[in-house]
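The following paragraphs explain how parts of one chain are arranged. Please consult the sequence and the structure while reading.

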Amino acid sequence: MLRSSRTFALLLIGASALAACSPKPPKMLPPDPGPAAAPTRSTTETQPTVQGPAPGSQADFAATLMGRDTIYFDTDKYNVDSADAAALQVQAQWLMKYPSKRATIEGHCDERGTRDYNIALGDRRANAAKNYLVSLGIDASRLTTVSYGKERPVATGSNEEAWAKNRRSVTITID
Amino acid sequence: MKYRWSLLFSLLAAPALAQQLAPAPAPTAAASEEAIDVTDDAAWQDLGIAIPTFPTNADVPTQTSAGSTAAVGRALAQVITADLQNNGLFKPTGPASLPVPTIAQVTAPDFHTWQAKQADMLVHGFVRDNGDGKLTIGCYLYDVALGQQLLKNAWVVSPAEWRRAAHKCSDMVYSRLSGESPFFDSRIAYIAETGPKDHRMKRLAIMDSDGANHKFITTGQALALTPRHSPDYKRIVYLSYLNGNPRIYIYDTELGTQKLVTQSKNPTFAPRWSPDGKWILYSMAVGGNTDVYRVPASGGESQRLTDSPGIDVGGSYSPDGSKIVFESDRSGSQQVYVMNADGSDQKRISFFGGRAATPEWSPRSDQIAFTYIAGDFHIAVMSPAGGGMRELTKGWQDEAPTWSPNGRIVQFFRTEKHSGHTGLWQVDLTGKNERRLPTPVDASDPAWGPVLP
């Protein structure tokens, strides 16, 4: 596909400006404030102090990462660009904080690929994320990978927007 | 399920059929490299074939799913009609609108009646209960205009396998009239799909070539993909996410047990049999780099066949086992390559723009079917040298071709845009005769096995 030049350009730009806004189609939305901001419940039980997820748990990882547990790839690509690198750095920080925790990195593809090739491509993507985490100092023995190819999309549409969301790797820590 | 076929080209059970089966006509000359060997079906389209009920000498109950011997005789004619109808080559007329011949007429047809009905060809047959639980089923092909018998045969079948006699009869008729090798008496392994698009349940399933005798093999707890029958149908190799990681398993169809093909910490996938059933070709990803390997089906050391830094994946043996066609993105995009069976002499053969994936070598050895990706996904064929590329289908996403045992029909699966619904389809080499196969639920990853032993 013809998007590598774009990715490359972004990689160069991004390297000097890590904080640049994400070029990736799936925008990282702030989490829904949800009921935490609405403590005015009619039930007047003794309100427990709002507890976050247990430190070091997968729930804690997901809450801390706020979407940055997932990185996205261009069509048929598996390179880690600047937005991916920024997300992986946050992942690495969390993993450094909890050195006994292990993680699995899932690699996924969009539906517009043949099945076997997509399993291989998903494996490439998961390993690209893993190798980046290792380069940041995470012990490789803490990280495993699994490719799902095109078998587990998160977006079910058949359009570029959905496909962009599905070309991803997801880091999941093991409780 | 038992695949032991008590098929006897039995002269004992059917004295009337003492004549030897005539040797099948040689297939039409193999296509030269670049010539397109497409069956000219124009002449056949008008060939009317009458297939009345097969009478029985005595209507008695049977253990078959069809009922009594008379009911079996009618069902046989229906199965044969459907077989011959569904491939766009003939104009068969089934038993519903035809008179039932007497048992004497099976060997001495009333040709005047059939001439009046504008039938060019006539299929007769009979059903007889052997008294030991088995049935003898006869099949006769007549040329109505000439008033001549062209072929006859008979088979002794167990009640569970009565439909195979119909497929054998269809094969006899098809081969005699088309000059092609038979293919109806064969089975298909595939993946049955249910559930939402983002969490499909995928189960290994098998069925006869016409969709009958459908059976789910796995429960769906583990994602199952890409099955292939062994050449003797005793085993099915497939990919399962059992225990969370993609690995290749061999399922034993007689024992109902399965085992890992190789012990590996790495994902193994895209399994295929060698034509002699001795090797399993597979792909393994090591640290993001996928290559093609082979391993003895009985177990043992794997041998790495490719070593490019790109993704080398899939593969399919030539019918003589000497070469392997596979896919690689070493050039920057998925393309089709051919190599010797030991991995030497790797050469790209697809040079026509777009991407080329999932190559499958025809059992006739003269064509390679593949998924052609240029925007949408279409099924296409080319010669083993990469020439004569032709697209056979026009779907949004048609993927993963598999050949009929005679190399005349390509089966594949079609995914619908948005809904993600999948179904099995097949198309002949003209590209004109396309049809969907009936499956109880959505279906993908078809693999057509050889003619049953």
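Strand E1 (residues 48-50) of chain B pairs with E2(B) in the parallel sense, over three bridges. Here strands are DSSP runs of E with at least two residues and helices are runs of H or I with at least four, numbered from the N terminus; two strands pair if DSSP finds at least two bridges between them. B:Ala50 has B:Thr93 in E2(B) as its bridge partner.

This is a predicted model: local features need pLDDT of at least 70 and side-chain atom pairs count only at pLDDT 80 or more, whereas totals for chains, interfaces and linings use all residues. Residues are numbered from 1 along each chain as its sequence is written, while chains are lettered from A and ligands numbered from 1 in the order in which they are written.

In chain B, an open sheet of five strands with mixed pairing follows the order E2-E1-E3-E4-E5. Its edge strands, each pairing on one side only, are E2 (91-93) and E5 (148-157) of chain B.

Helix H2 (residues 69-85) of chain B lies across E1, E2, E3 (121-129) and E4 (135-143) of chain B, at about 145 degrees to E3(B). Angles run from 0 to 180 degrees between N-to-C directions of axes, which are lines fitted to C-alpha atoms, for helices over the stretch in contact; contact requires C-beta atoms, placed from the backbone, within 7 Å. Helix H5 (residues 162-178) of chain B also packs on the sheet, touching E3, E4 and E5 of chain B.

Elsewhere, four bridges join E9(B) to strand E10 (residues 235-240) of chain B, and the two run antiparallel. B:Ala224 has B:Ser240 in E10(B) as its bridge partner.

Key:
Contact = placed C-beta atoms within 7 Å.
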